[in-house]
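Here's a friendly walk through one protein chain. Take a look at the model first, and then we'll go through it piece by piece.

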Amino acid sequence: MRSLLSRQHYFSPELFATERERVFKRLWILAAIRPMVARHLDFRTLDIGGVPVIVQNFRGRIRAFANICQHRLSRIHRTEFGNRALVCPYHHWTYNETGALAGMPKNATMFQFDAAQMAQVRLKEFAVETVGGLVFVNLDEKPLPIAAQFDADLLALLASATGHMDDEYIHTRYPARFNWKTGMENIKDPLHVQCLHRDSFPDYFDTGAGLEQIPAVDHAASAWRAVDLKQTSNKWDVPIETPQAHEWYDLVENLDSKAFYRGIHLFPNVNLMVVAGTSFAVQVYNPIGPEETEMHMSVVLTRPLKPFPYKPVVLWEHLKSDMKVLQEDIDCLEALQPNFAAARSEVTHGAYEAGIMDFHAAYLDLMGRA
Ligand code: FES
Ligand SMILES: [Fe+2]
């Protein structure tokens, strides 16, 4: 079956610009995990659809603003993570927790703004929804309800599982040379785990689980089925046959998914893994350009039950083993990216790739079939 997307969807600057407007500036996008903004004034910055965004904790309330000072458009926070008030480093304009301009040095002589002029200046604020330990931001003026993007059962699952996140985490990000959609197609592709990762995925994961129950599809059908946006975010459980016992499993909360490697795909660009009911690995494929993606990976354990002094070592080892597998994906995806632009051949999907086709169908709906 031919892909619903054209090759241009993977390298065209025009379609990339449309995608920013219609997908990333319209949907709820995972902008932080709660441990990143756990304390008063903790912030995280990131780029969503080309817009620099601040996610920040103000006395327990998480807010989101454009990271653009209203004086001469400097970045207010210049690091990805930190803890400081909303003070622009360029000329020290200061904003309060609602984004309103609170003051600046030497106003009486240098700026000469009266109270009415001051009141007109504020940072652009965006809608925020917190689900368990996940902080979503929506850049739209009239955001769709989050329940229109993720179904109620999935939201309840996310809230109950990620609500157990510890407040320590490890995080990395780096650029990769492929379109973000091939990253999401890859995580919706259970077969590649047995092939590409045959030698690196641990033996005790039953990576073939569920593959024999692939529903039949009609390859001759001229149109793919209509897909509700909510159908494109889903859960995939891989049984852990003989769980490797780690001593630290007894030191943290154990979730009811202990016997599984649980992958939760969140449209458009998140892969959340809950491993053995004791840890979370959060992967985000953030588009930077049509052929460039910034990969984000965070690892957090469930909350500790007892003192746990070697937790940083566990986090580091966890991240290292995840990155080893992920590097195989990246090498593969970076090598296939130039073929979208260069090759005349088209992508061909089989029955087991119905999840990828659903992802494409929902994406095309958002794109207005562009
Ligand atoms: S640009 Fe921010 S204070 Fe001048
Ligand atoms: Fe993979």
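In what sense do strand 1 and strand 10 pair, and over how many bridges? Strand 1 and strand 10 (residues 134–138) pair in the antiparallel sense, over four bridges. Helices (H or I, at least four residues) and strands (E, at least two) are DSSP runs, numbered from the N terminus, and two strands pair if DSSP finds at least two bridges between them. One such match puts Ile29 with Val137 of strand 10 as its bridge partner.

Before going further, note that this is a predicted model: local features need pLDDT of at least 70, side-chain atom pairs count only at pLDDT 80 or more, and totals for chains, interfaces and linings use all residues. Residues are numbered from 1 along each chain as its sequence is written, with chains lettered from A and ligands numbered from 1 in the order in which they are written.

**Helix 1 and the core**

Strand 1 is mostly covered, with five of its five residues buried. Here, buried means that 20 or more other C-beta atoms lie within 10 Å of a residue's own, exposed means 12 or fewer, and partly exposed is in between, with C-beta atoms placed from the backbone. Helix 1 (residues 13–24) has its own buried residues: Phe16, Glu19, Val23 and Phe24. They sit on the same side of helix 1 because they cover an arc of only 65 degrees around the axis, the arc being that of the directions from the helix axis to the C-beta atoms. Their cover includes strand 1 (29–33), strand 2 (42–48), strand 15 (279–289) and helix 9 (354–366).

Now for the largest nonpolar core: it has 77 residues, and Ala31, Val55 and Val137 have the most contacts inside it. A nonpolar core is a set of buried Ala, Val, Leu, Ile, Met, Phe, Trp, Tyr and Cys residues joined through C-beta atoms within 7 Å. Helix 9 supplies the largest share of this core, six residues. Leaving out residues up to four places away in sequence, Ala31 touches several partners, including Leu46, Val55 and Val137; contact means C-beta atoms, placed from the backbone, within 7 Å.

**Two domains**

The domain assignment gives domain 1 (1–24 + 147–370) and domain 2 (28–143), with bounds that come from an automatic or database assignment. Their C-alpha centres lie 29 Å apart. The contact takes 22 residues from domain 1 and 17 residues from domain 2. Helix 5 gives the most to the domain 1 side, with six residues.

**A small sheet and some unusual backbone**

Strands 6, 7 and 8 form an open sheet in the order 6-7-8, with antiparallel pairing. Its edge strands are strand 6 (86–87) and strand 8 (101–103), each pairing on one side only. Strand 6 and strand 7 (residues 94–95) share two bridges, and Leu86 stands opposite Tyr95.

Most residues other than glycine have a negative phi, and most peptide bonds are trans. Two residues with positive phi are set out here:

| Residue | Phi | Loop | C-beta neighbours within 10 Å |
|---|---|---|---|
| Leu41 | near 75 degrees | between strand 1 and strand 2 | 15, partly exposed |
| His92 | about 65 degrees | between strand 6 and strand 7 | 12, exposed |

There's a cis peptide bond too, joining Phe267 and Pro268, with omega about 10 degrees. Pro268 is in the loop between strand 13 (260–266) and strand 14 (270–275).

Definitions and conventions
Contact = placed C-beta atoms within 7 Å.
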